[in-house]
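Me: I would like to learn how to read pockets, helices and ring pairs in a model. Could we go through them one at a time, beginning with a pocket?

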Amino acid sequence: GLYSTKAYFFGRSLAELPAHTFLGLAAALITYFTFGMEEDGSKIFWFSIFVMLVTQAGASVMLFCSSIAKTLEQSNLIASLILILFLLFDGTWVSKENIPAAYEWLAELSFMGYGLKGILKTSLNGLTLSCTTDQEIDGICPYATGNQYLEMMKMDNVDPTFNVIILCVFIVVYRFLSYLGLKFM
């Protein structure tokens, strides 16, 4: 009872911000170069931004899950359910055409989907691809450019700037909901 909920929440959020940002940036740079992606400053920048924002959004969702649960087990269950729903219905693992109409709205709530679509759009746009013989279909490479792949995946109209804004909104909204969860639960 020494601190108000507001002081605790904002103190914790500010204390975690540098660590989550640094870890997101470190993970982005390590994975970008490990995957052998194109060494283009703009693409590295976008990849790093999306990984850092997804890290922050994920931390915000996890904080929300822990703020509305009474025990660690409840928090883990809630977080697992939310993350699985976001993964299944974000439109990248299962195409939107195959998602039942009743669940389409879940795609709009998935911070992971916005991050992945932003990464794919910024990394594959303008890229020339090549296939190995085992990837060819009847001796033909199914897509020779990143743009063809994006078109096939129906991600050619993704706006990276919009996705960055949406990820920032998710961070703020989940942090606000976390604060409310701590305050009233």
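Reply: This is a predicted model, and we can begin with its second largest pocket, which is lined by F9, F10, S13, L14, L17, H20, Q56, I171, V172, R175, F176 and Y179. Helix 1 (5-34) and helix 7 (160-184) are the elements that give two or more residues to this lining, and helix 1 gives the most, with six residues.

Me: What is the general idea behind finding such a space, and what volume does the second largest pocket have?

Reply: Rolling a probe the size of a water molecule over the atoms shows where empty space is left. Here the second largest pocket has a volume of about 260 Å³, and its lining divides by class into eight nonpolar, three polar and one charged residues.

Me: F9 and F10 are both in that lining; is each of them buried or exposed?

Reply: F9 is buried because its relative accessible area, 5%, is under the 20% cut-off, whereas F10, at 44% relative accessibility, counts as partly exposed because that value falls between 20% and 50%.

Me: How many aromatic pairs are there in this model, and how are the rings of F9 and F10 arranged?

Reply: The count comes to 13 aromatic pairs. F9 and F10 form one that is edge-to-face, with 5.4 Å from centre to centre and 80 degrees between the planes. Elsewhere, ring pairs link F64, Y114, F170 and Y174 into a cluster.

Me: Which residues lie nearest the centre of the largest pocket, and which element gives the most to its lining?

Reply: The largest pocket, with a volume of about 340 Å³, is lined by 19 residues, and G91, K96, K117, K154 and M155 lie nearest its centre. The elements that give two or more residues to this lining are helix 4 (105-109) and helix 5, of which helix 5 gives the most, with three residues. By class, the lining of the largest pocket holds seven nonpolar, six polar and six charged residues.

Me: How should I read helix 5 itself, and how many of its residues are buried?

Reply: An α-helix has 3.6 residues a turn, so residues three or four places apart point the same way. Helix 5 (residues 111-124) has 14 residues and reaches 20 Å from its first C-alpha to its last, close to the 20 Å expected at 1.5 Å a residue. This helix is mostly covered, with 13 of its 14 residues buried, and just after helix 5, G126 takes a positive phi of about 80 degrees.

Note on methods
Residues numbered from 1 in each chain as written. Predicted model: local features only at pLDDT ≥ 70, side-chain atom pairs only at ≥ 80, totals over all residues. Heavy atoms only, no water. Helix = DSSP H or I, 4+ residues; strand = E, 2+ residues; numbered from the N terminus. Expected span 1.5 Å × (residues − 1). Buried < 20%, exposed > 50% of the residue type's maximum accessible area, 1.4 Å probe, protein only. Phe/Tyr/Trp six-rings, centres within 6.5 Å; stacked < 30°, edge-to-face > 60°. 1 Å grid on protein atoms, 1.4 Å probe; cavity = no way out; pocket = protein on both sides within 12 Å on 5 of 7 lines; lining within 4 Å. Points joined across faces, edges and corners; volume = space filled by probe spheres on them. Nonpolar A, V, L, I, M, F, W, Y, C, P; charged D, E, K, R; others polar.
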